Amino acid sequence: MTGRTKTAVKNKLKDLRGELDAGIQSSPTYTMALCVEDWLSQGLAGRSADTVANYRYAAEHAVAKLGAVKLRELTARHVQAALAELSGSLSTRSLRLVHQVIERAIRHAQAADLVGRNVASLVSAPEGRGGRPSRSLTLDQAGVLLDAAEGSALNAYVVLSLLAGLRTEELRSLLWTDVDLDAGTVAVYRSVRASGDTKTPRSRRVLKLPVKAVEALREHRSQQAAARLKAGPLWQDHGLVFASAVGTPLDAHNVRRSFRAITKAAGLGQEWTPRELRHTFVSLLSANDVNLEDIARLVGHSGTSVTERVYRHEIRPSLTQGAEIMDHLFQ
């Protein structure tokens, strides 16, 4: 045991004795890089592919700053300094995810008796750099986008998101058994979240669809039937409305890439994201005299505060009902 002073050596011996008494078996070669990788490989069972991908992204930042530090030597000051350094390049949400990765990785090591305490739980993630706020398309832009989406594999996806306000996580898990084309309705009962459930209980809802959305779904069903015949024995039937060329669930990254190709073709650039179609849905209803409570129910919010604070983007100054409004706007 070494240290700069006798006191430092005594303190280390005291800590080591305390760990042994507590059954802790810390290793002098076990680094934070190994700690994080152990958690990533052993502690994410049952999580969705998207969640795992997000954690791995955040883990790269955590390891870049703390990977070489021995777990037994890690201090709260190490963690705080690493987060502070990352605050200039990461958003607040990403920074909190990095902190979460560090904290959960150490907790996983605690369960294996590799460390006594979780120093990451002693600090909080600072504010990160400001991210780009979500935007809403204008009515004219929305019309151009719908025209550009026609004929693409993502057309019905875009139409349902824009004209019915469904979340992307709801669309990617939507089943044909949830859709009644004769009645013109869609039942939102699930999402791609790890639990399989919707974001909130209020998110479980049955919506009347605009005529344009029903037509898009009919066309999409025909296209999917053709894709199924083409795939033959390679087709994996999950009953999904929106699936890959072989019937498997869509990946969020592929959806974003395909969506950006549509916005580019529409002359809107490539900075738009699929979730901003939902923002546009709220904004268009708000601009056409639909009250906030009704909008919140349509998009599955538990109250009006999120609808007003986050989703509604004013297209005209005054607050000027779902499928009927959309049928009128996009007839």
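How many bridges join β2 to strand β3? Before I answer, let me say that what we are looking at is a predicted model, and that everything I describe this morning is computed from it. The answer is 4 bridges, with β2 and β3, the latter covering residues 205-208, running antiparallel.

Let me stay with that part of the chain for a moment. Two of the pairings can be named, since T185 has K208 as its bridge partner in β3, and V188 has R205 as its partner in the β3 strand. On the β1 side, strand β1, residues 179-180, is joined to β2, residues 185-188, by 2 bridges, and this pair also runs antiparallel; here V179 stands opposite V186 of β2. Strands β1 and β2 make a hairpin with 4 residues between them, and in the turn G184 takes a positive phi of about 70 degrees. Taken together, this gives an open sheet of 3 strands in the order β1-β2-β3, with antiparallel pairing, in which β1 and β3 are the edge strands, each pairing on one side only.

Now to the chain as a whole. Its secondary structure comes to 14 helices and 3 strands, and of its 331 residues 44% count as buried. The accessible surface is about 17,400 Å², and 50% of that belongs to carbon and sulfur atoms.

Where do the buried nonpolar residues gather? The largest nonpolar core has 48 residues, and those with the most contacts inside it are L145, V158, V179, L217, F242 and L285. The elements that give two or more residues to this core include α6, α7, β2 and α9, and also α12, residues 292-299, and α14, residues 322-329. Helix α7 gives the most, with 8 residues. There is also a second, separate core, of 32 residues, which includes Y30, L40, A105 and A109.

Two helices show how the burial is arranged, and I will take α6 before α4. In α6, residues 139-149, the buried residues are A142, L145, L146 and A149. Seen down the axis of α6, these buried residues fall within an arc of 100 degrees, so they line one face of the helix. On the other side of α6, D140 and D147 are exposed. The cover over the buried residues of α6 includes α7 (155-164), α9 (211-231), α10 (252-265) and α11 (275-286). Just after this helix, G151 has a positive phi of about 90 degrees.

Helix α4, residues 76-86, has V79, A82, L83 and L86 buried. Seen down the axis of α4, its buried residues fall within an arc of 95 degrees, so here too they line one face of the helix. R77 and E85 are exposed on the other side of α4, while the buried residues pack against α3 (49-66) and α5 (92-111).

A backbone detail deserves a mention in passing: D113, in the loop between α5 and α6, has a positive phi of about 60 degrees although it is not a glycine. D113 is partly exposed, at a relative accessible area of 35%.

That leaves the charged side chains, where the count comes to 9 salt bridges. What does the exposed E85 of α4 pair with? The side chains of E85 and K65 meet in a salt bridge, at 3.0 Å from N to O. Because K65 lies in helix α3 and E85 in helix α4, the pair ties together parts that are 20 residues apart in sequence.

A further pair involves K212 and E150, whose closest N and O atoms are 3.9 Å apart. K212 lies in helix α9 and E150 in the loop between α6 and α7, so this salt bridge ties together parts that are 62 residues apart in sequence. K212 is partly exposed, at 23% relative accessible area, and E150 is likewise partly exposed, at 49%.

The hairpin comes back in the next pair, where the side chains of D182 and R218 meet in a salt bridge at 4.0 Å, N to O. D182 lies in the loop between β1 and β2 and R218 in helix α9, so the pair ties together parts that are 36 residues apart in sequence. D182 is exposed, with a relative accessible area of 74%, whereas R218, at 36%, counts as partly exposed.

Finally, R205, which we met as the partner of V188 in β3, is linked with R167 and E170 in a network of salt bridges.

Methods
Residues are numbered from 1 along each chain as its sequence is written. This is a predicted model: local features need pLDDT of at least 70, side-chain atom pairs count only at pLDDT 80 or more; totals for chains, interfaces and linings use all residues. Side-chain values use heavy atoms; hydrogens and water are left out. Buried means under 20% relative accessible area, exposed over 50%, partly exposed in between (1.4 Å probe, protein chains only). The arc is that of the directions from the helix axis to the C-beta atoms. Contact means heavy atoms within 4.5 Å. Two strands pair if DSSP finds at least two bridges between them. A nonpolar core is a set of buried Ala, Val, Leu, Ile, Met, Phe, Trp, Tyr and Cys residues joined through side-chain atoms within 4.5 Å. Accessible areas come from the Shrake-Rupley method with a 1.4 Å probe; for residues, only the protein chains shown count as cover.
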